[in-house]
2 protein chains.
Amino acid sequence: MARSYEQGCHIARALDVLGERWTLLIARELVAGSRRYSDLLEALPGIGTSLLAARLKHLEQHRVVRQVTLPGPGRTAAYALGERGEALMPVLAALSEWGGGLPDTPPGYADNPVWSIIALRLRACAEAASFGILTELTVGGTTVWLQGDGERVRMETGPAPTNPGLRLTCAKDTFYALVKGRATVEDALSSGQLAIDGEAADGQHFFDLFRLPRAA
Amino acid sequence: MARSYEQGCHIARALDVLGERWTLLIARELVAGSRRYSDLLEALPGIGTSLLAARLKHLEQHRVVRQVTLPGPGRTAAYALGERGEALMPVLAALSEWGGGLPDTPPGYADNPVWSIIALRLRACAEAASFGILTELTVGGTTVWLQGDGERVRMETGPAPTNPGLRLTCAKDTFYALVKGRATVEDALSSGQLAIDGEAADGQHFFDLFRLPRAA
DNA sequence: CGGAATCCTCTTCGATACTG
DNA sequence: CAGTATCGAAGAGGATTCCG
């Protein structure tokens, strides 16, 4: 059993489950879809193999994470968010928002386009669930797909499983600027850094739902 | 310098500052108003004096916490939330909400009415700032006062500094039930477990703003 | 080969004692 | 009252080995 603060306070109880090192970063990775053990090891350099196994076991016990079997050949085992993991979105969203207010990232820090995609997705926890169009999003060479089902947004890494209704492609730095609110969709489109493949109206709807900045 | 994940991701950057043991619980304490060093030691049993000093120093550097001088005789030094600490409210609110969904608290855990008051206050980050009436709230013998100034809610532990416009008194277990959504204001009032001292309309307005459950 | 337990070293934590 | 100093215990990081 993990160390506990032994306080009835809901914040303390949450931190009993989530507060140890690496725990919330594992959850962050799973926001972008299911991941194999080795995917997580790669995404979290420094974690150490036994610690990752211990954290996953702990999170599984608390239904933050659940094991899934990946489709396709190989029947690979992987991890995805469980019920309590889905409920973590607001926590991760608040942390992401707060972290965005910190001074600029020091040099040498790792950089992964999927983190910005996750930040985008976390900003629209509830509203974006209504966006039912299968959308493929490519940022700086990283591709994910997402689709709302009315209740939540499903998101996975990799190309869309069927032909997407909307395909968005964006240069990495432009996407960072969009998510940080330092550039507008119109500028990104006209400079060719952002491209919409599909109905233009669907693209605009996507930008609105995920609160990307529009021209002033 | 504390250990860092060295990832540009905003969530990881936030956790670099907030993710170590005890850090967010220090912030939680300060949501209920300024605290002296010894107050914090008492509120966080197990923390160890050097660790508390180290955490406070670290949080001060990141402007999550700032030092203040308490009014009144003694000119006691104390700690309060800094700019980034005020911005932490949504993070703490999300954690509190998530922690409320966990299974019931195991026996033996510490219990403090102020934690429920904090949970209440965190639920109404923005809206409640408009509640300008100086309000004194007593739950199970713990008294705090709070007042909105249009921008944020100010809250301090202890009796109100001047004559409050509204005074609410509630039995501990009833207040817990109200905050958890397991009881209604009307039931609590009619059973005498909750009492309003002041304009009845102000009390109702307070309950609405802080989303206490009303009769079905 | 991917998934995980073992071993060892280093860092962090917790408790007590001590100081301005 | 507000911290610093110290030290044993627990946790984390890295390499290697084991299992399927």
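**Figure 1. A salt bridge in chain B of this predicted model joins Glu186(B) and Arg214(B).** The side chains of Glu186(B) and Arg214(B) meet here, with 3.3 Å from N to O. This pair links distant parts of the chain: Glu186(B) sits in helix 9 (residues 185-190) of chain B, while Arg214(B) belongs to the segment after helix 10 (200-209) of chain B, 28 residues apart. Glu186(B) has a relative accessible area of 29%, so we call it partly exposed. Arg214(B) is partly exposed too, with a relative accessible area of 28%. Keep in mind that everything in these views comes from a predicted model.

**Figure 2. Another salt bridge in chain B pairs Arg167(B) with Glu136(B).** Here the side chains come together at 3.1 Å, N to O. Arg167(B) is part of strand 6 (residues 166-170) of chain B and Glu136(B) is part of strand 3 (residues 135-139) of chain B, so the pair ties together parts that are 31 residues apart in sequence. Have a look at how much of each partner is covered up. Arg167(B) is partly exposed, with a relative accessible area of 29%, whereas Glu136(B) is buried at 9%. If you're wondering about the chemistry, side chains of opposite charge can pair when their charged atoms come close.

**Figure 3. Glu29(A) and Arg35(A) form a salt bridge in chain A.** The N to O distance between these two side chains is 3.6 Å. Are the two partners buried or exposed? Glu29(A) has 3% relative accessibility, so it counts as buried. Arg35(A), at 9% relative accessibility, counts as buried as well. There's a third player: Arg28(A), Glu29(A) and Arg35(A) are linked in a network of salt bridges. Over all chains, the structure holds 26 salt bridges.

**Figure 4. DNA strand D meets residues from chains A and B.** In this view 19 residues surround the strand, and the closest are Arg21(A), Trp22(A), Arg55(A), Thr49(B) and Ser50(B). Which elements supply at least two residues each to the surface near DNA strand D? They are helix 4 (49-61) of chain A, plus helix 3 (37-43), helix 4 (49-61) and strand 2 (77-81) of chain B. Helix 4 of chain B gives the most, with 4 residues. By type, the surface near DNA strand D divides into 7 nonpolar, 6 polar and 6 charged residues. Of the strand's atoms within 4 Å of the protein, 73% belong to sugar or phosphate and the rest to bases. Now zoom in on the phosphates. A phosphate oxygen of DNA strand D is 2.7 Å from an N or O atom in the side chain of Trp22(A). For the side chain of Tyr79(B), the matching distance to a phosphate oxygen is 2.8 Å, and for that of Lys57(B) it is 3.1 Å.

**Figure 5. DNA strand C has its own set of protein neighbours.** Of the 19 residues around this strand, Ser38(A), Thr49(A), Arg21(B), Trp22(B) and Arg55(B) come nearest. Sugar and phosphate make up 74% of the atoms of DNA strand C that come within 4 Å of the protein. Bases get a look-in as well: a base nitrogen of DNA strand C is 2.7 Å from an N or O atom in the side chain of Thr49(A). On the phosphate side, a polar side-chain atom of Arg21(B) lies 2.6 Å from a phosphate oxygen. Gly46(B) uses a backbone N or O atom, which lies 3.1 Å from a phosphate oxygen of DNA strand C. The surface near DNA strand C divides into 6 nonpolar, 7 polar and 6 charged residues.

**Figure 6. Aromatic rings pair up, and there are 8 such pairs over all chains.** The ring centres of Trp22(A) and Tyr5(B) are 4.8 Å apart and their planes are at 65°, so the pair is edge-to-face. Trp22(A) lies in the loop between helix 1 (10-18) and helix 2 (23-31) of chain A and Tyr5(B) in the segment before helix 1 (10-18) of chain B, so the pair joins two chains. Both Trp22(A) and Tyr5(B) are buried. For Phe206(A) and Phe210(A), the centres are 4.7 Å apart and the planes are at 40°, so that pair is tilted. Phe206(A) is buried, with a relative accessible area of 2%, and Phe210(A) counts as buried at 1%. Ring pairs link Phe131(A), Phe206(A), Phe207(A) and Phe210(A) into a cluster.

Terms used
Residues numbered from 1 in each chain as written. Chains lettered and ligands numbered in written order. Predicted model: local features only at pLDDT ≥ 70, side-chain atom pairs only at ≥ 80, totals over all residues. Heavy atoms only, no water. Near = heavy atom within 4 Å. Polar contact = N/O pair within 3.5 Å; in protein donor to acceptor, adjacent residues only side chain to side chain. Nonpolar A, V, L, I, M, F, W, Y, C, P; charged D, E, K, R; others polar. Phe/Tyr/Trp six-rings, centres within 6.5 Å; stacked < 30°, edge-to-face > 60°. Buried < 20%, exposed > 50% of the residue type's maximum accessible area, 1.4 Å probe, protein only. Salt bridge = Lys/Arg side-chain N within 4 Å of Asp/Glu carboxyl O.
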